Amino acid sequence: QVQLVESGGGLVQAGGSLRLSCAASGSIFSINTMAWYRQASGKQRDLVAGITNSGRTNYADSVKGRFTISRDNAKKTVFLEMNSLKPEDTAVYYCKVDVLVGPLSVVRDYWGQGTQVTVSS
C-alpha cells in the first residue's frame with residue numbers, strides 16, 4: 001500500500017504565504033507525476049500544479065507567478081510554495097501521486113487526505 005501525508009495548511013491573511021508538503025511512503029517502486037489539486041466549498045476539484053519526474057511543471061492560470069511546485073525525489077515528497085495568497089485560494093488542497101508499485105506494474109493514482117487552506121481578506 002501507498003500512504004500520502006500532507007501538512008502545511010492553515011489560516012493566513014491575504015498577501016501571505018504558506019508551504020504545503022506531501023510525503024509518500026509504502027510499496028513504491030517509482031513515482032511519476034506529482035500534483036496538487038484544490039477543491040473549494042461547493043465546487044469541483046481542480047488541478048493547481050503538477051511536476052513530472054524530470055522536473056517539468058505546469059500551473060493553473062490562476063496561480064501562475066504566485067505558486068511554485070517542487071519535489072524531492074529522495075524523500076518522495078512534493079511541495080507547493082504559495083505566495084501572495086488571495087481569498088479565492090481558500091480550499092482544501094489535495095496532493096496526487098502517480099505510483100508504480102513494481103517494475104511491471106501499471107501506474108496508479110494515490111490521493112492525500114487533504115489540508116485546509118483559508119485566506120482571510
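Here is a walk through this structure, starting at its core and moving out to a few individual residues. Keep in mind that the model is predicted.

Let's begin with the nonpolar core. The largest one holds 29 residues. If you want to find its best-connected members, look for Trp36, Val48, Phe67, Val78, Leu80, Met82 and Tyr93, which have the most contacts inside it. Plenty of strands chip in with two or more residues, including E1 (2-7), E3 (18-26), E4 (30-39) and E5 (45-51). Further along the chain, E7 (67-72), E8 (77-82), E9 (91-100) and E11 (115-120) do so too. The top contributor is E9, which gives five residues.

Strand E9 also takes part in a disulfide. A search of the whole structure turns up one such bond, and it links Cys22 to Cys95, with the two sulfur atoms 2.0 Å apart. Cys22 sits in strand E3 and Cys95 in strand E9, so the bond ties together parts that lie 73 residues apart in sequence. The torsion about the S-S bond is about 50°, so this disulfide counts as right-handed. Are the two cysteines buried or exposed? Both Cys22 and Cys95 are buried.

Next, have a look at some arginines and rings. Arg19 lies over the face of Phe79, 4.1 Å from the ring centre. Arg45 does something along those lines with Tyr94: its charged end sits over the ring, 3.6 Å from the centre. As for rings pairing with each other, a search of the whole structure finds one aromatic pair.

Another arginine worth a visit is Arg66, in the loop between strand E6 (57-59) and E7. Its relative accessible area is 10%, and because anything under 20% counts as buried, Arg66 is buried. What does the side chain of Arg66 join through a polar contact? The partner is the side chain of Asp89, at 2.8 Å. Setting aside residues up to four places away in sequence, Arg66 touches Glu81, Met82, Asn83, Ser84, Leu85, Lys86 and Asp89. Met82 is a name you have already met, among the core residues with the most contacts.

Finally, go back to strand E3, where you'll find Ser25. With a relative accessible area of 33%, Ser25 is partly exposed. Which residues does Ser25 contact, leaving aside neighbours within four places in sequence? They are Gln1, Val2 and Gln3. Take Gln3: Ser25 is 22 residues from it in sequence, yet their C-alpha atoms are 5.3 Å apart in space.

Definitions and conventions: Residues are numbered from 1 along each chain as its sequence is written. This is a predicted model: local features need pLDDT of at least 70, side-chain atom pairs count only at pLDDT 80 or more; totals for chains, interfaces and linings use all residues. Side-chain values use heavy atoms; hydrogens and water are left out. A nonpolar core is a set of buried Ala, Val, Leu, Ile, Met, Phe, Trp, Tyr and Cys residues joined through side-chain atoms within 4.5 Å. Buried means under 20% relative accessible area, exposed over 50%, partly exposed in between (1.4 Å probe, protein chains only). Helices (H or I, at least four residues) and strands (E, at least two) are DSSP runs, numbered from the N terminus. A disulfide is a pair of cysteine sulfur atoms within 2.5 Å. Rings of Phe, Tyr and Trp (its six-membered ring) pair if their centres lie within 6.5 Å; planes under 30 degrees apart count as stacked, over 60 as edge-to-face and the rest as tilted. A charge sits over a ring if NZ of Lys or CZ of Arg is within 6 Å of the ring centre and within 35 degrees of the ring normal. A polar contact is a pair of N or O atoms within 3.5 Å; within protein, one must be able to donate a hydrogen and the other to accept it, and residues adjacent in sequence count only if both atoms are side-chain atoms. Contact means heavy atoms within 4.5 Å.
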